[in-house]
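Here is a walk through a single protein chain, written for someone who likes to poke at coordinates. Have the viewer open and follow along, starting with a backbone oddity.

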Amino acid sequence: MRKYYILLILISSGSCFSQIQYGSVQYKQITSIEQINKQKDMMIEVKSFNEKYQAAANKITYTLNFNTFETYFFANKILLGDDINFNAAAMSGHGKIKYYQNHKTSENRNFFDSRRTGIVIINSETQYQWTLVNETKTIDQYKCYKATSPLFVDGEKQDILVTAWYAPDIPVRFGPIGYGGLPGLILELQNDRATFFVTKINLNPDSPPEIDKLLSPKAISKEVARQLTTGTLSRAQLDGIKDEEDKQIKK
C-alpha cells in the first residue's frame with residue numbers, strides 16, 4: 001500500500017514540474033530555546049545569551065531562489081543591534097547565511113564568515129535519508145505530506161529526526177537550509193533547534209531570480225574549514241593550500 005501512495009505523489013507532482021521553470025520562496029524560523037538550553041549545567045549567563053540570540057534569530061527571514069537544477073538559499077541581512085552578530089543569529093537554528101546547490105552536478109557550497117576564519121566557501125552537502133509518511137496537514141491552504149530523516153552532523157547520523165512537510169501541489173523538489181529531494185516544495189521543516197516555515201511563494205516570476213553560485217573565494221573542504229575554525233590552520237597556510245591546488249589544476 002505504501003508503494004502505491006508514494007507512486008501517486010510522484011505521478012501527480014511530476015505532471016506539473018516542467019511548468020515551473022524558476023521561483024522564489026520566503027521563510028522565517030522559530031528557534032527552540034528549550035533545545036538550545038537543554039544542557040543541565042549551563043550557566044545562567046549563557047542561557048541569557050542564548051535567549052537574546054533566539055529573539056534576534058526569529059526576526060530574520062530567508063530566501064530560496066531556484067531554477068530547474070539550482071537553488072540558492074540565503075539569510076536576508078537586517079540590523080539586529082550593536083551587540084548581536086547577524087551571522088551567528090542566522091545560523092543559530094542550523095540556518096545558513098548563503099548556500100548554493102546544483103542538483104544536476106551535485107555541487108554544494110556553503111558561505112561562512114567569522115573573526116577566526118574570515119570569509120570562506122566550504123564544499124558542504126546537506127545529508128538526508130527521507131522516509132515518506134502517510135500523514136497530512138494543511139499549511140497556507142496547501143495539503144502537505146510528512147517526511148522524516150535522521151539529522152546528520154558532520155556526516156554522522158544522529159538519534160534525532162528532522163521533519164518536513166511538503167506540498168505535492170507545488171512540484172519543486174527544494175526546501176530551506178539545503179533540504180530537498182521530496183516530491184513537492186517543503187513548506188515547513190523542523191530540526192532539533194528550529195522550525196522553518198514558508199511565508200511567501202512566487203512561482204515563475206517575470207524574470208529569473210538571482211542564483212549566486214558562491215564561486216569566490218575558492219571553495220575549501222570541510223576538513224580544512226574545521227582546521228581554520230579550531231585554530232590548527234592559519235590563513236597563510238590556507239592560502240598555500242589554494243595555491244598548490246591551482247598549480248595541480250594547471251598541470
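## Backbone oddities

Start at glutamine 141, which is exposed because its relative accessible area is 78%, over the 50% cut-off. Keep in mind that this is a predicted model, so each number here is computed from predicted coordinates. Glutamine 141 sits in the loop between β7 and β8 (142–153). Its phi is positive, about 70°, even though the residue is not a glycine. For context, most residues other than glycine have a negative phi, and most peptide bonds are trans.

Asparagine 204 is another non-glycine residue with a positive phi, near 50°. You'll find asparagine 204 in the loop between β11 and α5. How exposed is asparagine 204? With a relative accessible area of 35%, asparagine 204 is partly exposed, since that class lies between the 20% and 50% cut-offs.

The loop between β11 (194–203) and α5 (222–230) also holds proline 217. The peptide bond leading into proline 217 from serine 216 is cis, and its omega is near -5°.

## The overall fold

Zooming out, the protein chain has six helices and 11 strands. Of its 251 residues, 45% count as buried. Taking contacts with a separation of 6 or more, 59% come from residues 24 or more positions apart.

What is the order of the strands in the open sheet? Reading across, the sheet of 11 strands goes β6-β5-β4-β3-β2-β1-β11-β10-β9-β8-β7, and the pairing is antiparallel. β6 and β7 are the edge strands: each has a single partner strand, so one side of each has no neighbour in the sheet. From one strand to the next, the twist averages 25°. As a reminder, strands of a sheet pair through backbone hydrogen bonds, either parallel or antiparallel.

## Two strand pairs

At the β6 edge of the sheet, β5 and strand β6 (residues 118–123) run antiparallel and are joined by six bridges. The link between β5 and β6 is a hairpin through three residues. To find the register, look for phenylalanine 111, which stands opposite isoleucine 121 in β6.

Further along the strand order comes the pair of β3 and β2. Strand β2 (residues 61–66) and strand β3 (residues 70–75) are antiparallel too, with five bridges between them. Here asparagine 65 faces tyrosine 72 of β3.

## Isoleucine 139, on the other edge strand

Strand β7 (residues 131–139) contains isoleucine 139. Is isoleucine 139 buried or exposed? Its relative accessibility is 11%, so it counts as buried, the cut-off being under 20%. That is worth a look given where β7 stands, at an edge of the sheet with a single partner strand.

Leaving aside residues up to four places away in sequence, isoleucine 139 touches Cys144, Trp165, Leu187 and Glu188. Phenylalanine 197 is 58 residues away from isoleucine 139 in sequence, yet their C-alpha atoms are 9.3 Å apart in space.

## The second largest pocket

If you're hunting for open space, the second largest pocket has a volume of about 340 Å³. Its lining is made of 15 residues, and those nearest the centre are Tyr53, Asn87, Ala88, Met91 and Ser92. Two or more lining residues come from each of α3 (44–57), α4 (86–90) and β5 (107–114).

Which element gives the most to this lining? That's α3, with four residues. By type, the lining of the second largest pocket splits into six nonpolar, six polar and three charged residues.

## The enclosed cavity

There is one cavity of 30 Å³ or more in the structure. The largest cavity holds about 50 Å³ of space. Its lining includes Leu64, Thr71, Phe73, Tyr99, Gln101 and His103, along with Arg173, Phe174, Gly175, Gly178, Tyr179 and Gly180.

β3 and β4 (98–102) are the elements that give two or more residues to this lining. Sorted by type, the lining of the largest cavity has five nonpolar residues, six polar and one charged.

Note on methods: Residues numbered from 1 in each chain as written. Predicted model: local features only at pLDDT ≥ 70, side-chain atom pairs only at ≥ 80, totals over all residues. Heavy atoms only, no water. 1 Å grid on protein atoms, 1.4 Å probe; cavity = no way out; pocket = protein on both sides within 12 Å on 5 of 7 lines; lining within 4 Å. Points joined across faces, edges and corners; volume = space filled by probe spheres on them. Nonpolar A, V, L, I, M, F, W, Y, C, P; charged D, E, K, R; others polar. Buried < 20%, exposed > 50% of the residue type's maximum accessible area, 1.4 Å probe, protein only. Contact = heavy atoms within 4.5 Å. Pairing = 2+ DSSP bridges. Axes fitted to C-alpha atoms, helices over the stretch in contact; angles between N-to-C directions.
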